[in-house]
Amino acid sequence: MKISSIKGFADILPGEVETWQFVEQKAREVFALYNFSEIRIPIVEKTELFSRSLGETTDIVEKEMYTFPDQDAKESLLTLRPEGTAGVVRAYVEAELYKVEPVRKLYYLGPMFRRERPQKGRLRQFYQIGGEILGRADAYADAELLLLLGEFFSNVGLDGAALELNSLGCVRCRPAYRKELLAFLAQQENKLCGNCRRRMERNPLRVLDCKEESCVAITAGAPSIQGFLCQDCREHFETVQKLLRETGVDYKLNPRMVRGLDYYCRTTFEWTSDRLGSQNAVAAGGRYDGLVEDLGGPPTPGVGFAMGMERLVLLLGTREFDADGARPSVYFVSVGDGARAWAFPAAHKLRRRGISVEMDGEQKSLKSQMRRADKVRARYVLIVGDDELAKGTAVLRNMDNKEQVEVRLDGIDEALAERINAK
Ligand code: ATP
Ligand code: MG
């Protein structure tokens, strides 16, 4: 019986996975440079963690979460995490990380789940790499995070990603903007999509995020939040921009960018690429100064981002990587029972020395073993037959230049290690 995978849930196969490993490696390197520690959080959390932190009227909470009853406690619901920030903040509060040192720079990588319509660059299980700086309210933290992302993109060889910035103000200045925006929207209410009309009263800023063409057209003339920022928010935002200019990071202001989640305040940003089509955001994030307190911790500011791995990999394309990891250094070709019996423990010894060895156990013909050695791109082939074994010798073939030499089996691991490490 053939069973297929679920729509929106993809395999990442060898050939493609090397790009993923490369990206993950580069991410770990850049996080280390900026003094971030990894955090691993569960994939399943209580539903209320997400509904509370992302906001009841967000797309994710309204219709995209994979939620199911907890078998052990029937009254409670569990959800496959749709994003990482809520879990990181929950862990920060739960482990009281702030007690030892409130400033924490944390990163995570792993799968997220959202029940969206699968399409190019949009899956139901997708992977994110995310970073959070907790405990810092200063604009330097925002700028540092953006610089880190810029460095990361340049280190993986991504070019053409553009940074868009906005400030959403704070609890003090946003209400005035909200009121003004609501008044503007009320005049056009009958032209907005059903979704926007329904949400308008509770969260009018979300209307600016609507992807419906008619809504985009109507809100083109909406008042801009920039004119409503209080002095603190304005100064904060100006400092972020000044720091970016000083470090040579290009950006564009986009006063319509409100982001989809309720926890954001002040700086929000998106890195986009026009090569991605309509799913054009590679990474996005912003400041969330109220979230830690909302989730039961002490007042603690925070700022973070999440990057979509699938979209980044799409942009990088499948490239030729140094695939040494999947390329055996030596292939043991053994002809005869005695030779195979010798080869198995000999391969084990070499692997323990850190040398990758491949062999087959089916006693195929010499020709077919050689063909396979060629296919797996082995660097050397060691050919051992029962006759050679009796003489204590074998033939070593360099698969790159096709040179063959006779070698002594006595001390063969030394000899192989020397050759392989010399390369
Ligand atoms: P979009 O506007 O593209 O739906 P978003 O605002 O929902 O993105 P975030 O929640 O900010 O996205 O997540 C950050 C990043 O994660 C996105 O920029 C994107 O690269 C990636 N991402 C989000 N949803 C998906 C998905 N369903 N499939 C693949 N990648 C995704
Ligand atoms: Mg989305």
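A salt bridge is a side-chain nitrogen of Lys or Arg within 4 Å of a carboxyl oxygen of Asp or Glu. The legends below describe a predicted model. A search of the whole structure finds 27 such salt bridges.

**View 1. Glu 29 and Lys 26 form a salt bridge in helix H1.** The two side chains meet with N and O 3.6 Å apart. That lies inside the 4 Å cut-off, so the pair counts as a salt bridge. Both residues belong to helix H1, which spans residues 17–33. They are 3 residues apart, so about one helical turn separates them. Glu 29 is partly exposed, with a relative accessible area of 36%.

**View 2. Arg 198 and Glu 62 link distant parts of the chain.** These two residues form a salt bridge. Their closest N and O atoms are 3.1 Å apart. Arg 198 sits in helix H8 (residues 194–200), while Glu 62 sits in helix H3 (residues 59–64). Along the chain, the partners are 136 residues apart. Arg 198 is exposed, with a relative accessible area of 51%. Glu 62 is partly exposed, at 31%.

**View 3. Lys 105 and Glu 144 join a strand to a helix.** Their salt bridge brings the closest N and O atoms to 2.5 Å. Lys 105 lies in strand S5 (residues 104–113). Glu 144 lies in helix H6 (residues 139–156). The pair therefore ties together parts that are 39 residues apart in sequence. Is Lys 105 buried or exposed? Lys 105 is buried, because its relative accessible area of 15% falls under the 20% limit.

**View 4. Salt bridges that share partners build a network.** Its members are Asp 59, Glu 62, Lys 63, Arg 198, Arg 199, Arg 206 and Asp 209. The pair from View 2, Arg 198 and Glu 62, is included.

**View 5. Helices H1 and H6 cross at an oblique angle.** Two packed helices are described by the angle between their axes and the distance between the axes. Here the axes of H1 and H6 come within 10 Å. They cross at roughly 140 degrees. The two helices are therefore oblique to each other. H1 passes H6 in a right-handed crossing.

**View 6. Side by side, H1 and H6 share a set of contacts.** Which residues of H1 take part? They are Phe 22, Val 23, Lys 26, Ala 27, Val 30 and Phe 31. From H6 come Leu 148, Glu 151, Phe 152, Asn 155 and Val 156. The residues of this contact divide into 8 nonpolar, 1 polar and 2 charged. Lys 26, the salt-bridge partner of Glu 29 in View 1, is among the H1 residues here.

**View 7. Tyr 107 is buried in strand S5.** Its relative accessibility is 6%. Leaving aside neighbours within four places in sequence, Tyr 107 is in contact with Arg 28, Phe 31, Phe 36, Ser 37, Glu 38, Ile 39, Gly 130 and Gly 131. One of these, Phe 31, also meets H6 in View 6. How far apart are the C-alpha atoms of Tyr 107 and Glu 388? They are separated by 55 Å, and the residues are 281 apart along the chain.

**View 8. Asp 413 is a buried residue of helix H16.** The helix covers residues 412–422. Asp 413 has a relative accessible area of 14%. Not counting residues up to four places away in sequence, Asp 413 touches Lys 349, Leu 350 and Arg 353.

Key. Residues are numbered from 1 along each chain as its sequence is written. Chains are lettered from A and ligands numbered from 1 in the order in which they are written. This is a predicted model: local features need pLDDT of at least 70, side-chain atom pairs count only at pLDDT 80 or more; totals for chains, interfaces and linings use all residues. Side-chain values use heavy atoms; hydrogens and water are left out. Helices (H or I, at least four residues) and strands (E, at least two) are DSSP runs, numbered from the N terminus. Buried means under 20% relative accessible area, exposed over 50%, partly exposed in between (1.4 Å probe, protein chains only). Axes are lines fitted to C-alpha atoms, for helices over the stretch in contact, and angles run from 0 to 180 degrees between N-to-C directions. Angles under 35 degrees count as roughly parallel, over 145 as roughly antiparallel, 65 to 115 as roughly perpendicular and the rest as oblique. A crossing is left-handed if the near helix is turned anticlockwise from the far one by less than a right angle, and right-handed if clockwise. Contact means heavy atoms within 4.5 Å. Ala, Val, Leu, Ile, Met, Phe, Trp, Tyr, Cys and Pro count as nonpolar, Asp, Glu, Lys and Arg as charged, and the others, Gly among them, as polar.
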